[in-house]
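Welcome, and please have your viewer ready. We will go from stop to stop, selecting a few residues each time.

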Amino acid sequence: MWTYPAGSIRGTWNRPECHLQALVTIQRTASDLSRQLSSATGTTVSRQTVYRRLGHIGLYSRRPVRCVPLTETHCHLRLTWSREHALWTPQQWSCVMFSDESRFSLQSDSRRTLIWRAPGTRYHQKNTIERHRYGGAGWLVWGGIILSSRTDLHVQSVAMTGHIYRDVILEQHVRLFRGAMGAEFLFMDDNARPHHANIVDECLQSEDITRMDWPAYSPDLNPIEHVWGMLGRRIAARQPPPTCLPELWRALLDEWCNIPPISD
């Protein structure tokens, strides 16, 4: 039987874990469970007690992992790419510029969604939430990272196009690193449509920039995602936080420059 600890509302249940497990779903809050548990059993129970008892059966409140939907073909190509590069040396990786766009918004996209999950199940399918796009007013940024160095951060308000990608990203940023590093330079970008416009492919060819093969829907394989996460945390920690788009723009540029250099 479940006996309440001293200092709380007292009562006993015959099978409290059974009631709790029957009611719990991954996105139901402790307050919801407390109310529904009280209704189902006729016994008043606090939200704190729900947290404690769920912990006893191995369930904890956590943020869900955000992911993109994958088909079997996507999974196969990702696995093939990973196996092909598993034995690359640090010297080989040091020649790769990883790049990507990300969107930073004044409005948090997390919506403070919490789920109940057991330890070690962070990446289980039922504990992830698929998401294609981010919403809210903000800026689109592009950046590139390479061992011990990085590009300047490019910030824009409009969607990326093939012409912007060629005239700004490739001509003003990537080309400079290719010239400094020579023929061993490898440029990684994903399979977004603007990245593979004809004018972009022609520019890469004319500048003798070799593009790394990249499997579709694989942002988790790109180490720049960790940098975006760091940048987002630094923006969120600013006091006071940005409250308008010009403030967010300045904060993005400042914090990008203040991120410690990447080294081996």
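Start by selecting helix H7, residues 198-206, where Val200, Cys203 and Leu204 are buried. Here buried means under 20% relative accessible area, exposed over 50%, and partly exposed in between, with a 1.4 Å probe and protein chains only. Helices (H or I, at least four residues) and strands (E, at least two) are DSSP runs, numbered from the N terminus. The three buried residues lie on the same side of H7 because they cover an arc of only 100 degrees around the axis, the arc being that of the directions from the helix axis to the C-beta atoms. Turn to the other side of H7 to find Asn198, Glu202, Gln205 and Ser206 exposed.

Now add helix H6 (162-181), E11 and strand E12 (210-211): the buried residues of H7 pack against these elements. Just past the helix, pick aspartate 208, which follows H7 and has a positive phi, near 55 degrees.

A word on what you are viewing: this is a predicted model, in which local features need pLDDT of at least 70 and side-chain atom pairs count only at pLDDT 80 or more, while totals for chains, interfaces and linings use all residues. Residues are numbered from 1 along each chain as its sequence is written, and side-chain values use heavy atoms, with hydrogens and water left out.

Next, the largest nonpolar core, with 23 residues. Such a core is a set of buried Ala, Val, Leu, Ile, Met, Phe, Trp, Tyr and Cys residues joined through side-chain atoms within 4.5 Å. Select Val141, Leu153, Met212, Trp228, Leu231, Leu252 and Trp256, the residues with the most contacts inside it. Among the elements giving two or more residues to this core are strand E8 (138-146) and helix H9 (245-258), but H8 gives the most, with five.

Which residues does leucine 252 contact, leaving aside neighbours within four places in sequence? They are Phe104, Trp139, Val141, Leu153, Leu231 and Ile235, contact meaning heavy atoms within 4.5 Å. A second, separate core of 17 residues includes Met97, Ile146, Phe185 and Phe187.

Move on to arginine 234 in helix H8, which counts as partly exposed because its relative accessibility is 27%. Beyond its neighbours within four places in sequence, arginine 234 is in contact with Glu255, Asn258, Ile259 and Pro260. Show the side chains of arginine 234 and glutamate 255 to see the polar contact of 2.9 Å that joins them. A polar contact is a pair of N or O atoms within 3.5 Å; within protein, one must be able to donate a hydrogen and the other to accept it, and residues adjacent in sequence count only if both atoms are side-chain atoms.
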